[in-house]
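Let's take a friendly walk through one protein chain. Please have a look at the picture before reading on.

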Amino acid sequence: MTIDERSRHVLHQRLEQVLGADEAGTLMEHLPPVGWADVATKRDLDAMEKYLLGTFRSELAQAISSQTRTLVLTNIGAVLGTAALTLAAIRL
């Protein structure tokens, strides 16, 4: 049996008849909004956490590699510039 909005509405009406409006509303609020198959389990949350951690680590490694490459190339440029200035000053 699939649970749809119509069957939930029928259930709510019946609960109102038996329990009263407030109690029926309280009970209906404790039911999942859709079928139990659509509710996330702890296993689903663990899998999502592993996926997000893997994605984060991959992006972090890529950002660090890019930053390191930029830093190394900048330092090489600074060293070559300093060497060129030093050689120019010596020739004066």
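Below we go from the whole chain to one patch on its surface.

This is a predicted model, in which local features need pLDDT of at least 70, side-chain atom pairs count only at pLDDT 80 or more, and totals for chains, interfaces and linings use all residues. Residues are numbered from 1 along each chain as its sequence is written, and side-chain values use heavy atoms, with hydrogens and water left out.

The protein chain has three helices and zero strands, where helices (H or I, at least four residues) and strands (E, at least two) are DSSP runs numbered from the N terminus. Its radius of gyration, taken over C-alpha atoms, is 33 Å, well over the 12 Å that the globule rule (2.2 Å times the number of residues to the power 0.38) gives for 92 residues, so the chain is more spread out than a compact globule.

Here are some values for the whole chain.

| Property of the protein chain | Value |
|---|---|
| C-alpha box along the principal axes | roughly 105 × 25 × 20 Å |
| Accessible surface | about 8,300 Å² |
| Buried residues | 9% of the 92 residues |

Accessible areas come from the Shrake-Rupley method with a 1.4 Å probe, and for residues only the protein chains shown count as cover. Buried means under 20% relative accessible area, exposed over 50%, and partly exposed in between.

Now for the patch. Val 72, Leu 73, Ile 76 and Leu 80 form a nonpolar patch on the surface, together offering about 380 Å² of accessible area. Leu 80 lies in helix H3 (residues 42–91) and is exposed, with a relative accessible area of 56%. Patch residues have over 30% relative accessible area and no salt bridge, with like charges joined within 9 Å and nonpolar side chains (Val, Leu, Ile, Met, Phe, Trp, Tyr) within 5 Å. A salt bridge is a side-chain nitrogen of Lys or Arg within 4 Å of a carboxyl oxygen of Asp or Glu.

Note on methods. Buried < 20%, exposed > 50% of the residue type's maximum accessible area, 1.4 Å probe, protein only.
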